[in-house]
Structure formats: structure tokens, C-alpha cells
Amino acid sequence: ALTLVAVSEDYYMCMLGAGEHELPVEREEDFEIKCGLIPVAGKCKVTTTGLQWNCDQLDLQFGGIVSACNEFAADATVVTVKTDGPILWTCTIAKKE
């Protein structure tokens with residue numbers, strides 16, 4: 001289950017608990033979307049699909065690797081995230097110039 005953390009005109013974030021999650025990919029032609037996975041309680045092992053740069057059982061942690069500037073894969077309709085600890089899913093939305 002997703003717990004909504006924050007939403008505005010140019011970003012949204014939600015907390016993902018340990019387990020497997022499916023996040024729908026919503027695209028807007030005039031907007032660029034960047035996404036990230038931020039560990040919030042120490043190191044967590046993460047596997048993803050549907051991103052430009054997927055994680056394959058990657059250990060994410062501050063002081064190590066943090067996925068803060070990723071993108072949806074060109075053909076993705078859903079992003080899957082498997083994590084063994086809590087992680088923050090972030091998306092920023094900016095108008096293309």
C-alpha cells in the first residue's frame with residue numbers, strides 16, 4: 001500500500017514500505033518527469049523495473065548510493081519497486097522548454 005506524503009503542482013512523494021509495489025507511469029507530453037528512490041531508515045536493498053536506470057538488488061543508503069535523478073523508461077507503463085526497507089518514491093514535474 002502507498003502512503004501519500006506530499007503533493008504539489010511540481011512534485012509528489014510517497015512512502016513505500018518493505019515489499020513489492022507497482023506505480024503507474026503517467027506521462028504528459030509537455031512535461032519532463034524525474035523520479036527517485038530515497039532510503040529513509042538506513043540501508044535497503046532495491047530492485048526496480050520501468051526506469052531508465054533500474055536497480056538490481058542494489059543497496060541504497062546515504063553515504064553510498066541514492067537514486068535521486070532517474071527517469072521512466074521510454075516504453076514503461078508501470079514502475080515496480082521491490083525493497084526490504086522503507087523508501088521514499090519521489091517525482092518532480094517540470095515544463096519542457
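**Exercise 1.** Classify aspartate 30 by accessibility and place it in the fold.

*Solution.* Aspartate 30 has a relative accessible area of 43%, so it is partly exposed. Buried means under 20% relative accessible area, exposed over 50%, and partly exposed in between (1.4 Å probe, protein chains only). Next, the place: aspartate 30 sits in the loop between β3 (19-24) and β4 (31-39). Strands here are DSSP E runs of at least two residues, numbered from the N terminus. Last, the surroundings: Asp30 joins Glu26, Glu28 and Glu29 in a surface patch of negative charge. Such a patch takes residues with over 30% relative accessible area and no salt bridge, with like charges joined within 9 Å. Asp and Glu count as negative, and a charge is placed at CG of Asp or CD of Glu. Areas come from the Shrake-Rupley method with a 1.4 Å probe.

The model is predicted: local features need pLDDT of at least 70, side-chain atom pairs count only at pLDDT 80 or more, and totals for chains, interfaces and linings use all residues. Residues are numbered from 1 along each chain as its sequence is written, and side-chain values use heavy atoms, leaving out hydrogens and water.

**Exercise 2.** Trace the salt bridges of lysine 34.

*Solution.* A salt bridge is a side-chain nitrogen of Lys or Arg within 4 Å of a carboxyl oxygen of Asp or Glu. The structure holds three. Lysine 34 pairs with glutamate 32, the closest N and O atoms being 3.9 Å apart. Lysine 34 also meets glutamate 71, at 2.5 Å from N to O. Glutamate 71 lies in the loop between β7 (67-70) and β8, and lysine 34 in strand β4, so this pair ties together parts 37 residues apart in sequence.

**Exercise 3.** Find what links lysine 45 to β6.

*Solution.* Lysine 45 forms a salt bridge with aspartate 59 (3.0 Å, N to O). Aspartate 59 lies in strand β6 and lysine 45 in strand β5, so the pair ties together parts 14 residues apart in sequence. Lysine 45 is partly exposed, with a relative accessible area of 31%. Glu32, Lys34 and Glu71 form one network through shared partners.

**Exercise 4.** Describe the faces and partners of β5.

*Solution.* In β5 (residues 44-49), Cys44, Val46 and Thr48 make the covered face, and Lys45, Thr47 and Thr49 the uncovered one. Two strands pair if DSSP finds at least two bridges between them. β5 pairs with β6 (residues 58-60) in the antiparallel sense over three bridges. There, valine 46 stands opposite leucine 58. β5 also pairs with β8 (residues 78-83), antiparallel, over four bridges. Threonine 48 has valine 81 as its bridge partner in β8.

Note on methods: Patches are made of residues with over 30% relative accessible area and no salt bridge: like charges are joined within 9 Å, nonpolar side chains (Val, Leu, Ile, Met, Phe, Trp, Tyr) within 5 Å.
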